[in-house]
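Here is a short guided look at side chains that meet, a pocket and some aromatic rings. Keep the structure open beside the text and find each residue as it comes up.

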Amino acid sequence: MYFTGIIIAISTFLIIGFFHPIVIKAEYYTGTRLWWVFLLVGVLSMGVALFIENAAVSAIIGVFGASSLWGIGELFSQKKRVEKGWFPMNPKRKDDYHPIDKDETLCPVHHGKTIYRAHED
């Protein structure tokens, strides 16, 4: 029996679960200032994965790197979630937040407008 696929799947699940609270805490304490740390970790991890011969280890490090890169977008989305009131705001950084329309989407592609709105403003 080969467990490589199961090991990669479980590792991916755990890595994604690991990044969820990291993004929330990073945004709470530092805002979006440290997005470059996620970029650096992601690029370095994916670069290292290119040189690892073991397929499972290479895949796991690659998933870690990709999750770190994905975390950049989530960091900025987390700021919007805080502005919407879905997550607590750091009172020491009140000036970093601006109230937003409840219809505003977290998706940057739609330029802040929800795709569910019936009419255009």
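Arg93 and Asp96 meet through their side chains in a salt bridge, with 3.1 Å from N to O. Bear in mind as you look that this is a predicted model. Are these two partners buried or exposed, or something in between? Arg93 has a relative accessibility of 9%, and because buried means under 20%, Arg93 counts as buried. Asp96 has a relative accessible area of 33%, which makes Asp96 partly exposed. Salt bridges with shared partners also bring in Glu27, so that Glu27, Arg93 and Asp96 belong to one network.

Now turn to the Glu27 side of that network. Glu27 forms a salt bridge with Arg93, and their closest N and O atoms are 3.4 Å apart. Why is this pair worth finding in the sequence as well as in the structure? Glu27 belongs to helix α1 (residues 4-30), while Arg93 sits in the segment after α3 (55-84), so the salt bridge ties together parts that are 66 residues apart in sequence. Glu27 and Arg93 are both buried.

How many salt bridges does a search of the whole structure find? The search gives three, and the table sets them side by side.

| Salt bridge | N to O distance |
|---|---|
| Glu27 and Arg93 | 3.4 Å |
| Glu74 and Arg81 | 2.7 Å |
| Arg93 and Asp96 | 3.1 Å |

In the bridge between Glu74 and Arg81, the partners fall into two accessibility classes. Glu74 is partly exposed because its relative accessibility is 25%, a value that lies between the cut-offs of 20% and 50%. Arg81, at 15% relative accessibility, counts as buried.

Glu74 and Arg81 also lead us to the next feature, since both are among the residues that line the largest pocket. This pocket has a volume of about 180 Å³. Which other residues can you look for around it? Ile16, Phe19, His20, Val23, Ile24, Ser67, Trp70, Gly71 and Gln78 line it too. Helices α1 and α3 each supply at least two residues of this lining, and α3 gives the largest share, with six residues. Sorted by class, the lining has five nonpolar, four polar and two charged residues.

Phe19, one of the lining residues, takes us on to the aromatic rings. How many aromatic pairs are counted in this model? The count comes to five. A pair of aromatic rings is described by how far apart the centres are and by the angle between the planes. Phe18 and Phe19 make an edge-to-face pair, with centres 5.6 Å apart and planes at 85°. Phe18 is partly exposed at 43% relative accessibility, whereas Phe19, at 8%, counts as buried. Tyr28 and Tyr29 form another edge-to-face pair, with 5.0 Å from centre to centre and 85° between the planes. Tyr28 has a relative accessible area of 23% and is partly exposed. Tyr29 reaches 54% relative accessibility, so Tyr29 counts as exposed, the cut-off being over 50%.

Which residues join Phe18 and Phe19 in one aromatic cluster? Phe38 and Phe64 do, and together the four form that cluster.

Methods:
Residues are numbered from 1 along each chain as its sequence is written. This is a predicted model: local features need pLDDT of at least 70, side-chain atom pairs count only at pLDDT 80 or more; totals for chains, interfaces and linings use all residues. Side-chain values use heavy atoms; hydrogens and water are left out. A salt bridge is a side-chain nitrogen of Lys or Arg within 4 Å of a carboxyl oxygen of Asp or Glu. Helices (H or I, at least four residues) and strands (E, at least two) are DSSP runs, numbered from the N terminus. Buried means under 20% relative accessible area, exposed over 50%, partly exposed in between (1.4 Å probe, protein chains only). On a 1 Å grid over the protein atoms alone, a cavity is a set of points where a 1.4 Å probe fits but cannot get out, and a pocket is an open set with protein on both sides within 12 Å along at least five of seven lines; lining residues have an atom within 4 Å of a point. Grid points are joined across faces, edges and corners, and a volume is the space filled by probe spheres set on the points. Ala, Val, Leu, Ile, Met, Phe, Trp, Tyr, Cys and Pro count as nonpolar, Asp, Glu, Lys and Arg as charged, and the others, Gly among them, as polar. Rings of Phe, Tyr and Trp (its six-membered ring) pair if their centres lie within 6.5 Å; planes under 30 degrees apart count as stacked, over 60 as edge-to-face and the rest as tilted.
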